[in-house]
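Me: I would like to go through this fold step by step. Please keep the replies short.

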Amino acid sequence: METKKLLDAKGLACPIPIVKTRKAIAEIEAGEVLEIHVTDKGAKNDLAAWAKSGGHELLNYTEEDNVLKFWIKKG
């Protein structure tokens, strides 16, 4: 999966990952993919809900070594 931008929000607590995601997604074009890395476990539900409410598509989600990785396609 080709990502246009990578957002490293590891070590940040909610709501900062959402705030940074909103800013990063504004910097890419519709149809492009933003990859986000976070360590805040609450981000799993928060990012999924945020993507849906904003008209974006959560393409994939994985967890590796306590890092949650999300791929969101801008709507």
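Reply: One term first: a residue is buried when its relative accessible area is under 20%. The model is predicted.

Me: How many of the 7 residues of strand 4 are buried?
Reply: The cut-off is under 20% relative accessible area. Strand 4 spans 67-73. It is largely enclosed by the rest of the structure, because the number of its residues that are buried is 6 of the 7.

Me: What is the order of the strands in the open sheet?
Reply: The sheet has 4 strands and its pairing is mixed. The edge strands, strand 1 and strand 3, each pair on one side only. From one strand to the next, the twist averages 15 degrees. The order is 1-2-4-3.

Me: Do strand 1 and strand 2 run parallel or antiparallel, and what is the bridge partner of Lys-5 in strand 2?
Reply: Strands of a sheet can pair either way, through backbone hydrogen bonds. Here strand 1 and strand 2 are joined by 5 bridges and run parallel. The partner of Lys-5 in strand 2 is Leu-34.

Me: In strand 4, what is the bridge partner of Ile-36?
Reply: Strand 2 covers 33-38, which takes in Ile-36. Strand 2 pairs with strand 4 in the antiparallel sense, over 6 bridges. Ile-36 also touches several strand 4 residues, including Leu-68 and Ile-72. Its bridge partner there is Phe-70.

Me: How many residues lie between strand 3 and strand 4 in their hairpin?
Reply: Strand 3 and strand 4 run antiparallel, with 7 bridges joining them. Glu-63 stands opposite Leu-68 in strand 4. In the turn, Asp-65 has a positive phi of about 50 degrees. The number of residues between the two strands is 2.

Me: At about what angle does helix 2 run to strand 4?
Reply: Two helices need placing. Helix 1 packs on the sheet and touches strand 1, strand 2 and strand 4, with its direction at about 165 degrees to that of strand 1. Helix 2 lies across strand 2, strand 3 and strand 4. Its angle to strand 4 is about 5 degrees.

Me: Which element supplies the largest share of the largest nonpolar core?
Reply: The core has 16 residues, and Leu-34, Ile-36 and Val-38 touch the most other members. Strand 1, helix 1, strand 2, helix 2 and strand 4 each supply at least two residues. The largest share is 4 residues, and it comes from helix 2.

Me: Is Thr-21 buried or exposed?
Reply: Thr-21 is found in helix 1. Its contacts beyond four places in sequence are Leu-7, Leu-34, Ile-36, Leu-47 and Trp-50. Its relative accessible area is 0%. Since the cut-off is under 20%, Thr-21 is buried.

Me: Which two residues form the aromatic pair that is tilted?
Reply: The count comes to 1 aromatic pair. Its rings lie 5.1 Å apart, centre to centre, with 40 degrees between the planes. One partner has 26% relative accessibility, so Tyr-61 counts as partly exposed; the other, Phe-70, is buried at 1%. The pair is Tyr-61 and Phe-70.

Me: Which element has the highest mean pLDDT?
Reply: The protein averages a pLDDT of 95, and 100% of the residues score at least 70. Helix 2 has the lowest mean among the elements, at 93. The highest, 98, belongs to strand 2.

Notes:
Residues numbered from 1 in each chain as written. Predicted model: local features only at pLDDT ≥ 70, side-chain atom pairs only at ≥ 80, totals over all residues. Heavy atoms only, no water. Core = buried A, V, L, I, M, F, W, Y, C linked by side-chain atoms within 4.5 Å. Buried < 20%, exposed > 50% of the residue type's maximum accessible area, 1.4 Å probe, protein only. Contact = heavy atoms within 4.5 Å. Phe/Tyr/Trp six-rings, centres within 6.5 Å; stacked < 30°, edge-to-face > 60°. Pairing = 2+ DSSP bridges. Axes fitted to C-alpha atoms, helices over the stretch in contact; angles between N-to-C directions. pLDDT = per-residue confidence, 0-100.
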